[in-house]
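Student: Could you walk me through one part of this structure in close detail? I'd like to know how it is placed and what surrounds it.

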Amino acid sequence: MTPIYAKTITNFNRLAQQIKKCSMVKELESVYASMIKTNANQDCFSMNQFITACSIFHRIDYAVLAFTHMQEPNVFVYNAMIKAFVQSYYPVQALDCYLDMSRAQISPTSFTFSSLVKACSLVSQLGFGESVHGHSWRHGFDSHVFVQTALVDLYGNAGKIVEARRVFDEMPERDVFAWTTMISVHVSTRDMGSARQLFDEMPERNTPSWNAMIDGYSRLRDVESAEFLFNQMPNRDIISWTTMISCYSQNKQYREALAVFNEMQTNGVSPDEVTMSTVISACAHLGALELGKEIHLYAMEMGFDLDVYIGSALIDMYAKCGSLERSLVVFFKLQKKNLFCWNSIIEGLAAHGYAEESLAMFSKMEREKIKPNGVTFISVLSACTHAGLVEEGRERFLSMSRDFSIPPEIEHYGCMVDLLGKAGLLQDALELVRSMGMEPNSVIWGALLGGCKLHRNLEIAQVAVNELKVLEPNNSGYYTLLVNMYAEVNRWGEVANVRATMKELGMEKTCPGSSWIEMDRRIHQFAASDKSHLDSDAIYTLLIELDWQMKLCGHVPELGSVSF
């Protein structure tokens, strides 16, 4: 090696180190100026480093300018440029760059095709992906694990499951990432049978493969299978724990979700923002205010930023747990507020009966240029229902499609039927149900029946019950409500007829409602006629005592409510 050549290599290495140390765009500009002076902008190794740095700083324009001034870029420079285009979300330019590379008769590498496959995923045009697949085969990468795995992922994301499986099955060698990718493709289409078969055949399993299976069962609400795999896992990462917590929460097993969170902490695994949001949401559904406060404090002590995800979860939790003031404090402390934050506070105000304030918050959201969605309008219509604002509710309902292009869904119709029913406009409510562009469900007819009960309209109530008989033939609640309505107006013959019908159908209330209370950081669940609680004997003794004291005070029960 000549002294001049050795000096040149040293300079280029020093230049590469300078590029890596750049922490500001200005520094990168200065380094490039030095490269031009020393002709290092024609050195492929230095340009590779420079283009990569431009990508990190999101200055693709600098990378393009430097690349176009190169006289003879090699495959590594082309690879860096293609990857920079992909990372900057310019997939078409990445594919164009590959075409230039082909015209220059520069042979691609496996890294070329891995970036090109990602570019095809961003373009969302399967034709490009098929062309890249053909090129990879032509250049001898048909057996390259890394490239073929990327193609499996590409076809899977495009919904071409047969093609993805064909690529996978034709791979002469498969590593654990190839197996995991194919399993994830089957999971994405909810084909857990195929996913489980591959999982069982895997010669070696990694944590992501276990996570993919647990997530798949969670999506299908198969808690038992998810739980079984979770308990079998040899190693768990933060994704494993969070997926299992989410699985329990999505299936309304909130106490189990909190138990897994506690177990996670015991195992020394630190939660992330997604975990915290899910756990806070579980507290919200349980009404566990004190536990929610502790988790809020824990999040602050762990250094979590009060971002839109944790923030919206806290707003919702405090509102659902009855602490509207804390909910508002969190909301106003948030520096950035997305739609979820606004929806949470609008719903919280509406649920606490602050209808005017809820509507005012909606107007404030509009002024902030935040576009509402269907969930927003459910809260707005609920606020109108709480306050009996019929005309306001009607106007908001119409404005959904008129001003925001949001088509009303079944939940919105349910809110309107509830609003009109509680206001005594039962004929209007019935006409709205019959004019719906979709088939009304049991919630719609149940809301109408509730309005009939409130205003003692037996005629429309019978219409609602007839529909509910078809939709939920085994639900005794609607029959019970109708019986009570007949009893209120002393129509005992109809009471007897409905009771006889219920007896013939063998109806009884098999799924009583349940509620939770929080005491000393423990969640206690109660259901009607349930005696599973450890203190049930003491609880029922106290209830008998309270009933006796109420009678001494002159309380007379409503005879219109007929028990069975």
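Tutor: Happy to! Let's begin with a scale for burial: a residue with a relative accessible area under 20% is buried, one over 50% is exposed, and anything in between is partly exposed. Keep in mind that this is a predicted model. Isoleucine 238 is a good trial of the scale: its relative accessible area is 23%, so it is partly exposed. This isoleucine 238 belongs to helix α15, residues 238-250. Beyond the neighbours within four places in sequence, isoleucine 238 is in contact with Met264, Val269, Ser270, Pro271, Asp272 and Thr275. For a sense of distance, threonine 38 lies 200 residues from isoleucine 238 in sequence and 48 Å from it in space, C-alpha to C-alpha.

Now to the part I would pick for the close look, helix α25, which covers residues 410-422. With 1.5 Å a residue, its 13 residues should span 18 Å, and the end C-alpha atoms are 18 Å apart, so the expectation and the model agree. How much of α25 is buried? Ten of the 13 residues are, so the rest of the structure largely encloses this helix. The buried set is made up of Ile410, His412, Tyr413, Gly414, Cys415, Met416, Val417, Leu419, Leu420 and Gly421. What do these residues pack against? Their partners are α23 (374-387), α24 (390-404), α26 (426-434) and α27 (442-455).

Let's look at the α27 side. The axes of α25 and α27 are 8 Å apart and meet at an angle of about 5 degrees. Since angles under 35 degrees count as roughly parallel, α25 is roughly parallel to α27. On the α25 side, the contact is made by Ile410, Tyr413, Gly414, Val417, Asp418, Gly421 and Lys422; α27 contributes Ile444, Ala447, Leu448, Gly451, Leu454 and His455. Sorted by character, the residues of this contact are seven nonpolar, four polar and two charged.

Next, α23, another partner of α25, has a contact of its own with helix α22, residues 355-367. Here the angle is about 150 degrees, again with the axes 8 Å apart, so α22 is roughly antiparallel to α23. The crossing of α22 past α23 is left-handed. Ala355, Ser358, Leu359, Phe362 and Met365 from α22 meet Thr376, Phe377, Val380, Ala383, Cys384 and Ala387 from α23. Nine of the residues in that contact are nonpolar and two are polar, with no charged ones.

Finally, the backbone around the helices. α25 is followed by glycine 424, with a positive phi near 85 degrees. Just after α31, glycine 554 likewise has a positive phi, about 90 degrees. Most residues other than glycine have a negative phi, which is a reason to look at two further residues. Arginine 456 is not a glycine, yet its phi is positive, about 55 degrees. This arginine 456 sits in the loop between α27 and α28 (458-471), and with a relative accessible area of 52% arginine 456 is exposed. Tyrosine 89, also not a glycine, has a positive phi of about 60 degrees. Tyrosine 89 lies in the loop between α5 (75-87) and α6 (91-103), and is exposed at 62% relative accessible area.

Definitions and conventions: Residues numbered from 1 in each chain as written. Predicted model: local features only at pLDDT ≥ 70, side-chain atom pairs only at ≥ 80, totals over all residues. Heavy atoms only, no water. Helix = DSSP H or I, 4+ residues; strand = E, 2+ residues; numbered from the N terminus. Expected span 1.5 Å × (residues − 1). Buried < 20%, exposed > 50% of the residue type's maximum accessible area, 1.4 Å probe, protein only. Contact = heavy atoms within 4.5 Å. Axes fitted to C-alpha atoms, helices over the stretch in contact; angles between N-to-C directions. Parallel < 35°, antiparallel > 145°, perpendicular 65-115°, else oblique. Nonpolar A, V, L, I, M, F, W, Y, C, P; charged D, E, K, R; others polar. Left-handed = near helix turned anticlockwise from the far one by under 90°.
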